[in-house]
Amino acid sequence: MKNSISEINITKAKNHKTSFDFLAENLTNKGVDVENIIAKLAEFQCAIPSWALGAGGTRFGRFSIGGEPGSLEDKINDVGTIHSLTGCAGAISLHIPWDIPKDVAAIQQLAVANGLIFDAVNSNTFQDQKDQPFSYKYGSLSSIHKDSRDLAIQHNMEVVKIGEQLGSKSITVWLADGSNFPGQVNFRKALQHTADSLKSIYSSMPSDWSMFIEYKPYEPNFYHTVIQDWGTSFMLANECGDRAYTLVDLGHHLPNTNIEYIVSTLMSKGKLGGFHFNDSKYGDDDLTVGSIKPYQLFLIFNELVYGMKNDLQNPSPAWMIDASHNIKDPLEDLIQSLEAILLAYAQALVLDHDQLESARENSDVVLAQELLQDVFRTDLRPLIAEVRKRKNAAIHPIDAYRQLAIRQQLTGQRGTNTIATGL
Ligand SMILES: [Mn+2]
């Protein structure tokens, strides 16, 4: 595929050079170190979850698009394709039990051949599996029923074991636990059980592993969610220990929440461990990153970039796209998401944070806004394209994907009626 991408790049090279040279000169004139930014962008890698490669939509109907991955091997190959085109999707995040590797060595080999590593593994206690002895209907790690709690703890431990074999170093725990009606559960007991269960899982992890605790305000429970916000996650992470962190998922906030402020607070306390990208208009819509609120994404990246430079107590966050819906070709959707992420990251890198700080110190509100919006309204896409070109990825990945007729090829190989395993 690399050869075909290079051939397509040749046809785009002249136009790209004109736009990049123009942008690079303008940025240099403003005092921006373009090469330094290119180097930082080139290092950025974002994990693709194994459940995002089929036509998704977890809540409602699915419309097959043809050529969907029917096995974990297919999914790894699809992420490999995205990585070849974009140069920034060098990791896959597995969801257990949807994607349990049968032959670990073969799966590892396939990942290496695709230039991929295994990022955080994800447990699933939000649905019962076939023949499960105790149900999660009334909760898992928080359940009032000890048998269900123990089963959920055991499952998380098994997920860590599978991750260990693959070289993962972290587990993400997202709990659907909560209640649908007032009076259904005792808040205090549910929270205490959750804390105790998480501590059991945490203490069983290898010493170089981290735990990411995800929060979400509502859904699938609509009255109360045990880990409803960053504060609850932060508190539980602190109770577990140094290697437990909060995970921010962009869609897991009530409308208009100031997510960039949450990011800033968590990083300053050294507790932002993982980050899930998506976009939303109303709730946890899981839309393509940057499709609805690109300015918010830029403001969030400003805090991430500030934190990565200044909050040295915070580890480098584990990045993952957590989006899935049912009308786009998922590979094109993921390529669009990666472009939006890199663009917001580039904008945040180009922003002169020292100048912004001095505007703040002078309470020059107007200048602060000017600085932010000047960067946001500068078209930095040629910068991202240049990073890809230097990595022998596609200057324009969507164009290349279509020119190479990748979906048609996948449909030819896998058939028109395949349905991705998982969701
Ligand atoms: Mn998530």
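**Helix packing, core and backbone features**

In this predicted model, helix α2 (residues 34-43) and α10 have axes that come within 10 Å and cross at roughly 145°. The crossing of these two helices, α2 and α10, is right-handed. On the α2 side the meeting residues are I37, K40 and L41, and on the α10 side they are L342, Y345, A346, L349 and V350. Sorted by class, the contact of α2 with α10 consists of 7 nonpolar residues and 1 charged residue, with no polar ones.

A second helix pair is formed by α6 (residues 187-204) and α7 (residues 230-240), whose axes come within 9 Å and cross at roughly 45°. Because of this angle, α6 is oblique to α7. The crossing of α6 with α7 is right-handed. From α6, the residues T194, A195, L198, K199 and Y202 make the contact, and from α7 the residues L236, E239 and C240 do so. By class, the contact of α6 with α7 contains 5 nonpolar, 1 polar and 2 charged residues.

The largest nonpolar core has 114 residues, and the members that touch the most others are I92, M211, I213 and A346. Helix α10 (residues 330-350) is the greatest contributor to this core, with 14 residues. A346 of α10, one of the core members named above, is also among the residues of α10 that meet α2. Leaving aside residues up to four places away in sequence, M211 touches S170, I171, V173, I201, Y202, M205, C240, R243 and A244. Among these partners of M211 are Y202 and C240, which also take part in the contact between α6 and α7.

The backbone has several features to report. Most residues other than glycine have a negative phi, and most peptide bonds are trans. The peptide bond from I96 to P97, however, is cis, with omega near 20°. P97 is located in the loop between β2 (91-93) and α4 (104-113). Another cis peptide bond joins E219 to P220, with omega about 10°. P220 belongs to the loop between β7 (210-214) and β8 (224-225).

Positive phi values occur at N256 and S363, neither of which is a glycine. For N256 phi is near 70°, and the residue lies in the loop between β9 (244-249) and α8 (259-268). N256 counts as exposed because it has 7 C-beta neighbours inside 10 Å. For S363 phi is about 50°, and this residue is in the loop between α11 (353-361) and α12 (365-376). S363 has 8 C-beta neighbours inside 10 Å and therefore counts as exposed; the cut-off for an exposed residue is 12 or fewer.

Definitions and conventions. Residues are numbered from 1 along each chain as its sequence is written. This is a predicted model: local features need pLDDT of at least 70, side-chain atom pairs count only at pLDDT 80 or more; totals for chains, interfaces and linings use all residues. A nonpolar core is a set of buried Ala, Val, Leu, Ile, Met, Phe, Trp, Tyr and Cys residues joined through C-beta atoms within 7 Å. A residue is buried if 20 or more other C-beta atoms lie within 10 Å of its own, exposed if 12 or fewer, and partly exposed in between; C-beta atoms are placed from the backbone. Helices (H or I, at least four residues) and strands (E, at least two) are DSSP runs, numbered from the N terminus. Two residues are in contact if their C-beta atoms, placed from the backbone, lie within 7 Å. Axes are lines fitted to C-alpha atoms, for helices over the stretch in contact, and angles run from 0 to 180 degrees between N-to-C directions. A crossing is left-handed if the near helix is turned anticlockwise from the far one by less than a right angle, and right-handed if clockwise. Ala, Val, Leu, Ile, Met, Phe, Trp, Tyr, Cys and Pro count as nonpolar, Asp, Glu, Lys and Arg as charged, and the others, Gly among them, as polar. Angles under 35 degrees count as roughly parallel, over 145 as roughly antiparallel, 65 to 115 as roughly perpendicular and the rest as oblique.
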